[in-house]
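Hello,

Here is the structure I said I would pass on. My notes on it follow below.

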Amino acid sequence: MAIGDDLGIEVYLGNGDGTFQGGLPPVGGGVAYGQTVGDFNRDGILDIAEIVGTFPDLQLQILLGKGDGTFQTGASYPGFNSSAPLIFAPDLNGNDKLDLVVLQLVNTPQGVGTVTVLLGNGDGTFGAPTNYLSSSSLAAGALADFNGDGKLDLMLASSTSTVPSTTILLGNGDGTFQAPLVLPILANGSVAAGDFNNDGKLDLAVAVDTSAANGVFVLLQDYVPDFSLAASSQTSVTVTPGQTANYTVNVVPGAGFNQTVSLTCSGAPAQSTCTVSPSSVPLNGKPALTTVSVITTANTMGLTQPMDARPMSGTFSLWLKPSGILGLCVLATLRGRGRARNLQLVCGVALVCLLSIGITMSACGGGGSSSGDGGTQAGTYNLTVTGTFTSGSTNLTHKTNLTLVVQ
């Protein structure tokens, strides 16, 4: 057990039976105004982060645990001036390194509270502080995923005696927060988050103490779990016939949605195929990626019969034989005829040969004209990726659009 007091941090080692040993010598070197614990250097031993110093010139001090209940002084960060801070040690950006969120509370009508974020480096040190000013005074706060998107948000009790308000800072999942959302809900004391009505949605309990009202108020959330689709990279891809266009689509759960979404693709041009892989994704509070692939077909053109052409038809064979015999007979009679008629006979033979050649070329697919299998036609095509979830009377459908350009 670690307790902050005017002497610093006092540690009491447990006996394992609900009792504790005498306190160890204080650490921290000054008045401890607020503290939290966490393994900030990832060595498996708990460390302490505290706000310490002489008010109003305070600093954030890191105490690295030795594993025996004692600590050594680590990095420190100046610039803090609240005598009533709250310190949280979450992982805001999902890199398995603990960060720090310090609420510098100022519970007066004239004061403006500050939220300070320091991203952890995983070695007991932290990056430069980032400050977010609340809309008014700051009495308390709670860190939780209030909108069910898998990112930690911050709820602040920011009411004054004349302006009732609750401030929400929605997290971006990278250690930063969006602009404050100020709700006209009274909250000027301690706050706590929990699913108080067992509907899978986080609710809020706030302590209120004003001349107009006092007590504990419970705020129930009424959002509907859902999901959304969004292209996570490029939305337009240009290819030539025969190439494959690939897109990445992000399936994002919202408001605690934890079901399986089925995905399909439509709008692909003729002579192409569009597939989604995987075609269904289970969502468990975190976004899932899926790949959309459009496989186009190359153009194949030729002037000769392909190697796998079908055999000549029976009709063509019947024409070919008599035409050849007729030509031989005519040639055989050339010697016994007069020269005057030779020209007519030669013309007749030529006609028979031309007819035979024409029939032959027709049977082979046409000899002198271009032929082949047309591929995917050039143009711009609008693809639609559709995600659906159906269960009983619940039917959720969302779409996102992609562009395919075939040159």
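**Strand E9 and its neighbours**

Strand E9 is covered on both faces: Thr114, Thr116 and Leu118 on one side, and Val115 and Val117 on the other, are all buried. Please keep in mind that this is a predicted model. The pattern of sides follows a general rule, since side chains in a regular strand alternate between the two faces of the sheet. For E9, which spans residues 114–118, 5 of the 5 residues are buried, so the strand is largely enclosed by the rest of the structure.

E9 has a pairing partner in strand E8 (residues 100–104), to which it is joined by 5 bridges in an antiparallel arrangement. In that pair, Leu100 stands opposite Leu118 of E9. Strand E10 (residues 130–133) also runs antiparallel to E9, with 4 bridges between them; here Val115 stands opposite Tyr132 of E10.

**The largest nonpolar core**

This core has 27 residues, and those with the most contacts inside it are Phe227, Tyr247, Val292 and Leu404. Several strands each supply at least two of its residues, among them E18 (226–231), E20 (244–254), E24 (288–296) and E28 (394–406). Beyond its neighbours within four places in sequence, Val292 is in contact with residues including Tyr247, Cys265, Cys274, Val385 and Leu402.

**The cavity**

The count of cavities of 30 Å³ or more comes to 1. The largest cavity holds about 40 Å³ of space. Its lining includes Leu92, Lys151, Leu152, Asp174 and Phe177. By class, the lining has 3 nonpolar, 5 polar and 2 charged residues.

Regards

How values were computed: Residues are numbered from 1 along each chain as its sequence is written. This is a predicted model: local features need pLDDT of at least 70, side-chain atom pairs count only at pLDDT 80 or more; totals for chains, interfaces and linings use all residues. Side-chain values use heavy atoms; hydrogens and water are left out. A nonpolar core is a set of buried Ala, Val, Leu, Ile, Met, Phe, Trp, Tyr and Cys residues joined through side-chain atoms within 4.5 Å. Buried means under 20% relative accessible area, exposed over 50%, partly exposed in between (1.4 Å probe, protein chains only). Contact means heavy atoms within 4.5 Å. On a 1 Å grid over the protein atoms alone, a cavity is a set of points where a 1.4 Å probe fits but cannot get out, and a pocket is an open set with protein on both sides within 12 Å along at least five of seven lines; lining residues have an atom within 4 Å of a point. Grid points are joined across faces, edges and corners, and a volume is the space filled by probe spheres set on the points. Ala, Val, Leu, Ile, Met, Phe, Trp, Tyr, Cys and Pro count as nonpolar, Asp, Glu, Lys and Arg as charged, and the others, Gly among them, as polar. Two strands pair if DSSP finds at least two bridges between them.
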